[in-house]
Amino acid sequence: MINGVSMKINIDEYIINALKEDITSEDVTTNAIMRDNKKGKAQLICKEDGVICGLEVFERAFTLLDKEAYFEGYYKDGDFIKKGELIGYIHGDIKAILSGERTALNYLQRMSGIASQTREMVEVLKDYKTTLLDTRKTVPNMRPFEKYAVVVGGGKNHRYNLSDGILIKDNHIDAAGSVTKAIELAKDYAPFVRKIEVETENLEMVKEALDAGADIIMLDNMSNEMMSKAVKMIDGKALSECSGNVSKERLVEIAKTGVDYVSCGALTHSVSALDISLKNLVVEE
């Protein structure tokens, strides 16, 4: 979760770098308009229906600029909010509010967009056993936030990074010489507790992966018909995962094949940010 000590250790560096990107020496506009430090507040308003996500990150962008800043929120991550609703108030030094606004909103809007899209896709799968997963197709330096947003939306995380699990893809197979050889090498090298997943493109590769003892078999860019045959061939001897050309419109047909998991890169690489604004700033005298 993005909270407490874990946030300070793992998340602050990302947010600080984002703030540095936006403020290389000073916020010249704010410093010109606000010559003195004054307290104030601004409203966080939803301008589009969706799932809110990233409120703690939003607040942190301001507290890194003003340790006394705080967010007075009326919702929590995972709540569905509607257009026009007041999400809460950010309180603090006016300079910090003005300088941190864009960075804070960038995180909040993108994370909320991911959570919203994930929620929609999870809802489509609610009557099936298939579980929705994300991928590593994330924006550089945004992975902790984006994968958190997927979970808030109701999805599950695939491996977090290259150290997190073994996934033998087409180029690994080419490098090893065959599916069987790649699995043998992985079993010889990896710790006993590591599961081994193999990407397959046809039924012959599925059979080879099964015979070699793969724990998870990815069915990559297969037609629904071929996927159904693959799932029957696997027959519970390994877990199955669909990947490639996954869309909301295709989810039901994928789930009907009986596949255990479906991974969707579009959850993070093709998402639209949720429209949220910081408005009606008030300077306190």
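**Exercise 1. Determine the strand order of the antiparallel sheet in this predicted model and identify its edge strands.**

Solution. Begin with the order: the open sheet has 4 strands, arranged S3-S5-S1-S12, and their pairing is antiparallel. Next, look for strands that pair on one side only; these are strand S3 (70-73) and strand S12 (276-283), the edge strands. Finally, consider the twist: with direction ignored, neighbouring strands of this sheet are turned by 25° against each other on average.

**Exercise 2. Describe how S3 is joined to S5, and state which helices pack on this sheet.**

Solution. S3 and strand S5 (residues 86-93) run antiparallel and are joined by 4 bridges. Within this pairing, tyrosine 70 stands opposite histidine 91 in S5. Two helices may then be placed. Helix H5 (residues 94-124) touches S1, S5 and S12, and its direction makes about 160° with that of S12. Helix H4 (residues 55-63) lies across strand S1 (39-46), S3, S5 and S12, and runs at about 145° to S3.

**Exercise 3. Compare the end-to-end span of H5 with the expected value, then locate its bend and the polar contact at its start.**

Solution. H5 contains 31 residues; at 1.5 Å a residue, the helix should span 45 Å. The C-alpha atoms at its ends are 43 Å apart, which agrees with that expectation. The helix nevertheless bends by about 50° at glycine 100. At the start of H5, the backbone nitrogen of lysine 95 has a side-chain oxygen of aspartate 93 within 2.8 Å.

**Exercise 4. Work out the arrangement of the parallel sheet and explain why S6 and S7 each have one side without a neighbour.**

Solution. This open sheet has 6 strands in the order S6-S11-S10-S9-S8-S7, with parallel pairing. Strand S6 (131-133) and strand S7 (166-168) stand at the edges; each has a single partner strand, so one side of each lacks a neighbour in the sheet. From one strand to the next, the twist averages 25°. For one of the pairings, take strand S10 (residues 239-243) and strand S11 (residues 261-263), which pair in the parallel sense over 3 bridges. Here cysteine 242 has valine 262 in S11 as its bridge partner. Helix H10 (residues 224-234) packs on the sheet, where it touches strand S9 (216-220) and S10, and its direction makes about 170° with that of S9.

**Exercise 5. Classify the ring pair of tyrosine 14 and phenylalanine 145, and state which helices it ties together.**

Solution. The model has 5 aromatic pairs. In the pair considered here, the ring centres of tyrosine 14 and phenylalanine 145 are 5.8 Å apart and the planes stand at 85°. Planes over 60 degrees apart count as edge-to-face, and the pair is therefore edge-to-face. Tyrosine 14 belongs to helix H2 (residues 12-22) and phenylalanine 145 to helix H6 (residues 143-152), so the pair ties together parts that are 131 residues apart in sequence.

Terms used: Residues numbered from 1 in each chain as written. Predicted model: local features only at pLDDT ≥ 70, side-chain atom pairs only at ≥ 80, totals over all residues. Heavy atoms only, no water. Pairing = 2+ DSSP bridges. Axes fitted to C-alpha atoms, helices over the stretch in contact; angles between N-to-C directions. Contact = heavy atoms within 4.5 Å. Expected span 1.5 Å × (residues − 1). Bend = angle between axes of the 7 residues up to and from the residue. Polar contact = N/O pair within 3.5 Å; in protein donor to acceptor, adjacent residues only side chain to side chain. Phe/Tyr/Trp six-rings, centres within 6.5 Å; stacked < 30°, edge-to-face > 60°.
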